[in-house]
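Trainee: I would like to learn how to read a pocket and the aromatic pairs in a model. Could we go through one case together?

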Amino acid sequence: MTPIVQHWCDGKAFAGDSTATAPVTNPATGVVTGEVALASEGDARTVIAAAADAFPAWRDTSLAKRTAVLFRFRELLNERKQELAAIITAEHGKVLSDALGEISRGQEVVEFACGIPHLLKGGYTENASTNVDIHSVHQPLGPVGIISPFNFPAMVPMWFFPIAIAAGNTVVVKPSEKDPSASIWLAELWKEAGLPDGVFNVLQGDKTAVDELLTNKAIKAISFVGSTPIAQYVYATATAAGKRVQALGGAKNHAIILPDADLDLAADAMVNAGFGSAGERCMAISVAVAVGDIADELVAKITERARTIVTGDGTHNSDMGPLVTKAHRDRVAGYVDAGEKAGATVVLDGRDVDADGGADGFWLGPTLFDHVTPDMSIYTDEIFGPVLSVVRVESYDQALALINDNPYGNGTAIFTNDGGAARRFGNEVEVGMVGINVPIPVPMAYYSFGGWKASLFGDSHAHGTEGIHFFTRTKAITTRWLDPSHGGLNLGFPQNA
Ligand code: NAD
């Protein structure tokens with residue numbers, strides 16, 4: 001009997017009525033290590049009802065008590081993050097150091113949310129009209145849904161739930177069915193930290209679970225992260241059901257390397273950002289745009305470095321782990337086949353990698369293409385694997401046009417020693433997150449994370465002040481205590497005096 005990863009409802013594991021499950025696999029061995037429950041509509045309704053029942057008491061819990069729970073959660077997470085990292089590596093495949101990195105970036109959002117009393121402060125205006133004062137407050141929305149992708153099973157839910165909970169909402173997290181265990185570990189940690197039952201819930205499942213979250217009347221907002229077609233579907237469906245929605249989608253991130261750049265720095269950056277986490281990051285660089293006559297030297301430097309990458313089991317001392325599933329591995333290898341067929345130069349071929357891991361692991365080594373052109377599928381599509389394409393252009397303007405013509409706009413970077421060029425790029429590029437000599441410009445928790453164009457649907461980015469804004473609504477209260485009745489009857493629209 002393989003273990004079944006269940007839902008988490010009202011402070012305890014919940015099996016639900018559905019008998020449907022999906023396999024959970026260790027990508028480094030290919031072995032099925034468990035099953036995950038796939039919720040029926042009824043199971044989803046039960047979990048959502050728990051979040052709805054817990055809302056009034058949590059909303060009315062003092063900020064002092066809420067922050068005490070958040071600080072405790074932060075301490076427990078910090079003490080025990082090795083356990084969570086091991087769970088992530090076992091189901092996602094990323095190497096342990098990378099799993100710890102994602103936890104740290106999620107923990108930053110918990111730390112940001114610990115400042116919620118300051119962040120929730122409203123405004124007060126005395127004597128807006130004679131003896132009339134106005135104040136505003138930021139109140140929670142209610143139960144909210146968080147739907148997350150496979151590639152960051154801890155960090156992406158943590159972009160949202162610390163702020164949602166701190167602001168007084170209750171939460172239903174729907175993790176990816178490919179790596180569902182991290183959410184249950186986080187649920188247990190919340191319980192240990194003293195969070196009341198029903199405030200943090202986990203709903204395991206697929207489209208059935210998602211659709212119930214998108215349409216159930218009790219759910220007031222949806223935070224989604226995943227591929228662009230599903231983000232679009234989630235945005236359209238949940239806004240039509242009257243919900244507030246932020247839906248973060250896919251990416252095709254370019255880095256421009258100008259002729260004056262430090263090519264060693266740029267080559268290091270291309271390798272780290274192209275092949276880290278096997279390219280399964282929404283902020284991975286998948287296109288290096290070489291400007292002018294530096295391309296040969298840049299490609300040589302990237303190749304020299306990428307050859308040293310050890311691909312293997314994330315629990316060994318590897319640099320890069322496997323891809324998440326066999327189907328995804330084969331899809332990425334299919335893109336490598338297509339790139340070769342389309343005439344791009346295969347400088348490094350990951351298809352024949354000799355990985356330090358199980359014979360049935362989902363392996364694909366670092367792959368580098370040169371002379372890639374914008375009509376090739378390796379350029380047009382989000383591959384989400386360890387495949388880096390070099391496109392050669394003559395000028396900065398051509399490089400910028402490539403990025404601005406791209407349908408995605410998540411992250412980008414420029415490598416240069418020219419401050420004026422960097423300043424111009426920051427101003428002109430149509431992308432939400434920009435790095436200047438920084439390849440993966442993921443903003444800190446007190447800034448907001450989000451792309452432009454087909455990389456985000458909705459008005460609010462994740463965390464930072466936009467996160468506070470997303471998970472609250474503002475109420476303005478106008479008050480008169482002194483001299484309240486001297487206006488007499490007056491059916492005109494109220495005017496200030
Ligand atoms: P995905 O879109 O396949 O799945 C995301 C979530 O949606 C999962 O929980 C999944 O169960 C659910 N889902 C899948 N198909 C669905 C359907 N038909 N109806 C309703 N729900 C459905 O994405 P993924 O493969 O898990 O993750 C990789 C993608 O996520 C990449 O495109 C990557 O760029 C993107 N991503 C974006 C960001 C960002 O910040 N913009 C961050 C991380 C990942």
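Trainee: How many nonpolar, polar and charged residues does the lining of the largest pocket have?

Mentor: Keep in mind that this is a predicted model. By class, the lining divides into 18 nonpolar, 11 polar and 8 charged residues, and these 37 residues enclose a pocket whose volume is about 840 Å³. Nearest the centre of the pocket lie Phe150, Lys178, Gly226, Ser227 and Ile230.

Trainee: Which element gives the largest share of the lining, and where does the pocket lie with respect to the domains?

Mentor: Helix 8 gives the largest share, with 4 residues. As for the domains, both domain 1 (4-249 + 455-477) and domain 2 (256-436) contribute lining residues, and therefore the pocket lies between them.

Trainee: Turning to the aromatic rings, how many aromatic pairs does the structure hold, and why is the pair of Trp159 and Phe160 edge-to-face?

Mentor: There are 11 aromatic pairs in the structure. For a pair, one looks at the distance between ring centres and the angle between ring planes, with planes over 60 degrees apart counting as edge-to-face. The rings of Trp159 and Phe160 have centres 6.2 Å apart and planes at 80 degrees, so this pair is edge-to-face; both residues are buried.

Trainee: What kind of pair do Tyr235 and Phe457 form, and is each of them buried or partly exposed?

Mentor: Tyr235 and Phe457 make a tilted pair, at 6.5 Å centre to centre with 40 degrees between the planes, and the pair links distant parts of the chain, since Tyr235 in helix 8 and Phe457 in strand 22 are 222 residues apart. Tyr235 is partly exposed, with a relative accessible area of 29%, whereas Phe457, at 16%, counts as buried.

Key. Residues are numbered from 1 along each chain as its sequence is written. This is a predicted model: local features need pLDDT of at least 70, side-chain atom pairs count only at pLDDT 80 or more; totals for chains, interfaces and linings use all residues. Side-chain values use heavy atoms; hydrogens and water are left out. On a 1 Å grid over the protein atoms alone, a cavity is a set of points where a 1.4 Å probe fits but cannot get out, and a pocket is an open set with protein on both sides within 12 Å along at least five of seven lines; lining residues have an atom within 4 Å of a point. Grid points are joined across faces, edges and corners, and a volume is the space filled by probe spheres set on the points. Helices (H or I, at least four residues) and strands (E, at least two) are DSSP runs, numbered from the N terminus. Ala, Val, Leu, Ile, Met, Phe, Trp, Tyr, Cys and Pro count as nonpolar, Asp, Glu, Lys and Arg as charged, and the others, Gly among them, as polar. Domain bounds come from an automatic or database domain assignment. Rings of Phe, Tyr and Trp (its six-membered ring) pair if their centres lie within 6.5 Å; planes under 30 degrees apart count as stacked, over 60 as edge-to-face and the rest as tilted. Buried means under 20% relative accessible area, exposed over 50%, partly exposed in between (1.4 Å probe, protein chains only).
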